[in-house]
Amino acid sequence: MAGADAADDTDEYKLRACIERLTGGRVLSLKRQVRWRPAWFAEVELGGRSLHVHVRGDRNSDILPFPELRREADIIEVLETHGVAVPHIYGMCDDPVAIVMQNVPGSRDVSLAADAAQRRSVARQFIEAVAAMHHLPVDLFTAKGIKAPGNPREIALAGLEAYWPLYEKNKQGPEPLIEFAVHWLRTHVPVHRTRASFIQFDSGQFLFEDGRLTALYDFEFAMIGEPLTDLATMRMRDSYEPLGDEFRALCRHYETVTGEAIDASVLRFQNALFSTVSCMQMAGRMSAPEPGDPHDVYLEWDLALKRVLVLILAECMNVQLERPPSGAAAPALGPAMLDMLEDAVGQLQASDDMQDARRKSALKLLEYVRRADEFNGWLERAARTEAIPFLGRRSAEGPEFEARLEDFVRTAGPEHDEGLLQYFAAQVDRRVEVFGSTQIGRSARHVHLPPIE
């Protein structure tokens, strides 16, 4: 950790100089945000007043379809120029790579609103901002190098095609559930929608203060595609970041603002697509984690996203999912060894907030591993047994079993869709049952899809 901390100190020294150059002020303070991606808050003195600045650092990750931070800065500048509430961009730092932007006041937590009426008002202001963004000319963004789809199929599949090269590059082993979802998406594309819009893609991220929307934020996944994608992704986000009003009420408000009826089947399709590409994004990291990854965050996302994926596919296919039977614990390592490791990590002394966050991350992983030690044998046996209708009784374990299942998924006809979905949903449900009581698994336990109509 000493080397990493020294690098952080060097980065912060260079960031101070960059912030001062871009703002014309003097940095009074610079503090690292305690989270899994590099980010800082700065206070800058400029002409006798304080300027509050946010520095959005480079994730240095290969799980992003659009890794260039300058792309995101360009997008935000276009949105600001055309009246969408976004942070002001002061400029880019090249070393370390970072966007220097306005630190917009406000919170994303709608529970902090004064009352229910204010929450509903904020949610509607957000929908109005999204609708305005959707009606900006796409030429504004293609001029910045953002790719535009050329036909209805490309509009519908814009998100999938953006992530596909990354998935193929990072895929480390069989991914039967993802391959099943991709196959379903490619064979059920809604091709009656002909208008593409600029979309945030990972929508539902906004700030408000005193009942007023202050900004939309986070455009690293933004692209040109199906506008209902943004409603689909905010529907997913509502599980852990409530929007402030019933989702179906916000859909009706979007219809009122735009004058366009929402096609619920297309919204559901985009819901399934976003869930799929989110799982694709995590796939390589689950089987081959990289040093320095936020491992607890990726595990949390992977389980929650797979839960969303099977739920939305069931909606799309009009399938009633069956609840699988439970199993019993059978520890492999035994508790003593894990107790020792947990005690050893618990004794580590944190010298600052970032070190403390890393220590807490390790304890979350230990809690998760303890549950895996108890139940992984049962999970694997259940998965193999329930795959017999597809694969027969030939014995296979581990990667060989997953590879055979993936091969079957890729060639299976539509007559197997419901059976395969029930199979995958059962495996996900069991994992939620096992890990849902852990800090990493609780997001998956709370996943829900609010009604559209």
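In this predicted model, strand β1 (residues 26–32) and strand β2 (residues 39–46) run antiparallel and are joined by six bridges. Two of the pairings are easy to find in the structure above: Arg 32 has Trp 40 as its bridge partner in β2, and Ser 29 is partnered by Glu 43 of β2. Together β1 and β2 make a hairpin, with six residues lying between the two strands.

The hairpin also has a place in a wider arrangement. An open sheet of five strands follows the order β1-β2-β3-β5-β4, and its pairing is antiparallel. The edges are taken by β1 and β4 (89–94), each of which has a single partner strand, so one side of each is left without a neighbour in the sheet. On average, and with direction ignored, neighbouring strands of this sheet are turned by 25 degrees against each other.

Turning to the helices, α10 (264–287) is a helpful one to follow, beginning with its crossing of α11 (295–317). The axes of α10 and α11 come within 8 Å and cross at roughly 150 degrees. Angles over 145 degrees count as roughly antiparallel, and α10 is therefore roughly antiparallel to α11. The crossing in which α10 passes α11 is left-handed.

A further crossing brings in helix α6 (residues 158–170), whose axis comes within 9 Å of that of α10, the two crossing at roughly 20 degrees. Since angles under 35 degrees count as roughly parallel, α6 is roughly parallel to α10. Here too the crossing is described by its hand: α6 passes α10 in a left-handed crossing.

Both α10 and α11 appear again in the description of the second largest pocket. This pocket has a volume of about 1300 Å³, and 37 residues line it. Nearest its centre lie Glu 175, Asp 302, Lys 306, Glu 402 and Arg 431, which are good starting points for a reader looking for the pocket in the model. The elements giving two or more residues to the lining are α7 (176–186), α10, α11, α13 (353–386), α15 (398–411) and α16 (417–435). Of the elements, α13 gives the most to this lining, with nine residues. Sorted by class, the lining of the second largest pocket holds 20 nonpolar, six polar and 11 charged residues.

Enclosed space can be looked at as well. Rolling a probe the size of a water molecule over the atoms shows where empty space is left. In this model the count comes to two cavities of 30 Å³ or more.

The largest cavity contains about 60 Å³ of space. Its lining is made up of Arg 37, Asp 58, Arg 59, Leu 64, Phe 66, Pro 67, Glu 68, Leu 69, Glu 72 and Glu 220. By class, these lining residues are six charged and four nonpolar, with no polar residue.

The second largest cavity holds about 30 Å³ of space. Around this cavity stand Arg 193, Arg 195, Pro 227, Leu 228, Tyr 254, Glu 260 and Ala 261. The lining of the second largest cavity divides into four nonpolar and three charged residues, again with no polar one.

Terms used:
Residues numbered from 1 in each chain as written. Predicted model: local features only at pLDDT ≥ 70, side-chain atom pairs only at ≥ 80, totals over all residues. Heavy atoms only, no water. 1 Å grid on protein atoms, 1.4 Å probe; cavity = no way out; pocket = protein on both sides within 12 Å on 5 of 7 lines; lining within 4 Å. Points joined across faces, edges and corners; volume = space filled by probe spheres on them. Helix = DSSP H or I, 4+ residues; strand = E, 2+ residues; numbered from the N terminus. Nonpolar A, V, L, I, M, F, W, Y, C, P; charged D, E, K, R; others polar. Pairing = 2+ DSSP bridges. Axes fitted to C-alpha atoms, helices over the stretch in contact; angles between N-to-C directions. Parallel < 35°, antiparallel > 145°, perpendicular 65-115°, else oblique. Left-handed = near helix turned anticlockwise from the far one by under 90°.
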